[in-house]
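Q: Could you teach me how to read a structure like this one, taking one feature at a time?
A: Gladly; let us look at the sequence and the structure together, and then begin with a pocket.

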Amino acid sequence: TTLPDLDADGLRRRLEQLPCCTTNASGNGQGDPLNLVLVGSSGDVLTALSRAGWTFTHRIDFRTIRKEIGAAISGSAYPSAPVSSLYALGRKHDVAMQRGRHTIAQRNHLRLWLAPFQYEGRPVWIGQVSHDIGVKLTSKSATLTTHVIDPEIDESRQYVLQ
């Protein structure tokens with residue numbers, strides 16, 4: 001299938017129609033804000049992010065949950081710690097990356113969804129990027145924890161773009 005190929009005005013209109021935030025799997029909860037758009041092939045986008053220090057996250061399983069809890073208790077880093085699944089465009093994120101800091105409670109998350117349209121023949125990625133400023137307990141996550149994000153989400157986006 002050929003994806004709609006948009007010009008600048010068409011892209012702007014499509015982006016304005018997107019919801020403000022991610023959701024849970026059932027689509028009834030409001031999650032982290034969608035605050036980033038990248039244009040480029042998966043190779044170009046992922047290579048640029050990797051070169052800038054972003055790493056792919058581990059999948060959530062017993063081993064990684066144990067490692068994540070250990071890092072939270074000890075206050076240490078876990079540069080490829082798993083992230084929870086967030087949903088946009090009717091599905092779970094296509095790519096999850098993070099940029100670790102000194103502790104697991106202070107990391108940057110990045111999730112990307114390949115959009116169902118292109119801009120001038122190039123793929124468009126809709127993203128969610130946030131800076132964790134803490135960890136809290138929750139029964140809604142397999143890891144029993146969730147992140148507390150910095151409310152200055154524009155700064156998180158600028159961090160990626162820099």
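Q: How much space lies in the second largest pocket, and which residues line the second largest pocket?
A: A pocket can be described by its space and by its lining, and here, in what is a predicted model, the second largest pocket holds about 250 Å³ of space. Its lining is made up of Thr57, His58, Arg59, Ile60, Pro82, Val83, Ser85, Lys92, His93, Asp94, Val95 and Ala96.

Q: How many residues of each class are in the lining of the second largest pocket?
A: Sorting a lining by class is a simple next step, and in this case it gives five nonpolar residues, four polar ones and three charged ones.

Q: Where is His93, and is His93 buried or exposed?
A: A residue can be read by its place along the chain and then by its accessibility: His93 sits in the loop between β5 and β6, and it counts as buried because its relative accessible area is 10%, where the cut-off for buried is under 20%. Setting aside residues up to four places away in sequence, His93 touches Val83, Ser84, Ser85, Leu86, Arg111, Leu112 and Trp113. Val83 and Ser85, which are among these contacts, also belong to the lining of the second largest pocket.

Q: Which strands pair with β6, and in what sense?
A: For a strand, one may look at its cover and then at its partners. Strand β6, residues 95-99, is mostly covered, with four of its five residues buried. With strand β3, residues 55-56, β6 pairs in the antiparallel sense over two bridges, and there Phe56 stands opposite Met97 of β6. Strand β7, residues 108-119, is joined to β6 by five bridges and runs antiparallel to it, with Val95 standing opposite Leu112 of β7.

Q: What does the side chain of His109 join in polar contacts, and is His109 buried or exposed?
A: A side chain can be read through its cover, its polar contacts and its wider surroundings. His109 is found in strand β7, and it is classed as buried because its relative accessibility is 1%. Its side chain has a polar contact of 3.1 Å with the side chain of Arg107 and another, of 3.4 Å, with the side chain of Asp132. Beyond residues up to four places away in sequence, His109 touches Trp54, Val83, Met97, Gln98, Gln128, Val129, Ser130, Asp132 and His147. Separation along the chain can be set beside separation in space: His109 and Ile149 are 40 residues apart along the chain, while their C-alpha atoms are separated by 9.4 Å.

Q: What does Ser156 reach with its side chain?
A: A side chain may also reach a backbone atom, and the side chain of Ser156 reaches the backbone nitrogen of His131 at 3.3 Å. Ser156 belongs to helix α4, residues 153-161, and counts as buried because its relative accessibility is 3%. Leaving aside neighbours within four places in sequence, Ser156 is in contact with Val129, Ser130 and His131.

Q: Which residues make up the covered face and the uncovered face of strand β2?
A: The two faces of a strand can be read separately, and in β2, residues 36-39, Leu36 and Leu38 form the covered face, whereas Val37 and Val39 form the uncovered one. Strand β2 pairs with strand β8, residues 122-137, in the antiparallel sense over four bridges, and Val39 stands opposite Val124 in β8.

Q: What does Leu38 touch?
A: Leu38, which lies in strand β2, is counted as buried because its relative accessible area is 15%. Not counting residues up to four places away in sequence, it touches Val45, Leu49, Leu112, Pro123, Val124, Trp125 and Leu161. Although Leu38 and Trp125 are 87 residues apart in sequence, they are 5.0 Å apart in space from C-alpha to C-alpha.

Q: Where are Leu89 and Glu120, and what is phi of each?
A: Phi is a backbone angle whose sign can be read for each residue. Leu89, in the loop between β4 and β5, has a positive phi near 55° although it is not glycine, and it is partly exposed at 30% relative accessibility. Glu120, in the loop between β7 and β8, likewise is a residue other than glycine with a positive phi, near 50°, and at 49% relative accessibility it too counts as partly exposed.

Definitions and conventions:
Residues are numbered from 1 along each chain as its sequence is written. This is a predicted model: local features need pLDDT of at least 70, side-chain atom pairs count only at pLDDT 80 or more; totals for chains, interfaces and linings use all residues. Side-chain values use heavy atoms; hydrogens and water are left out. Buried means under 20% relative accessible area, exposed over 50%, partly exposed in between (1.4 Å probe, protein chains only). Two strands pair if DSSP finds at least two bridges between them. A polar contact is a pair of N or O atoms within 3.5 Å; within protein, one must be able to donate a hydrogen and the other to accept it, and residues adjacent in sequence count only if both atoms are side-chain atoms. Contact means heavy atoms within 4.5 Å. On a 1 Å grid over the protein atoms alone, a cavity is a set of points where a 1.4 Å probe fits but cannot get out, and a pocket is an open set with protein on both sides within 12 Å along at least five of seven lines; lining residues have an atom within 4 Å of a point. Grid points are joined across faces, edges and corners, and a volume is the space filled by probe spheres set on the points. Ala, Val, Leu, Ile, Met, Phe, Trp, Tyr, Cys and Pro count as nonpolar, Asp, Glu, Lys and Arg as charged, and the others, Gly among them, as polar.
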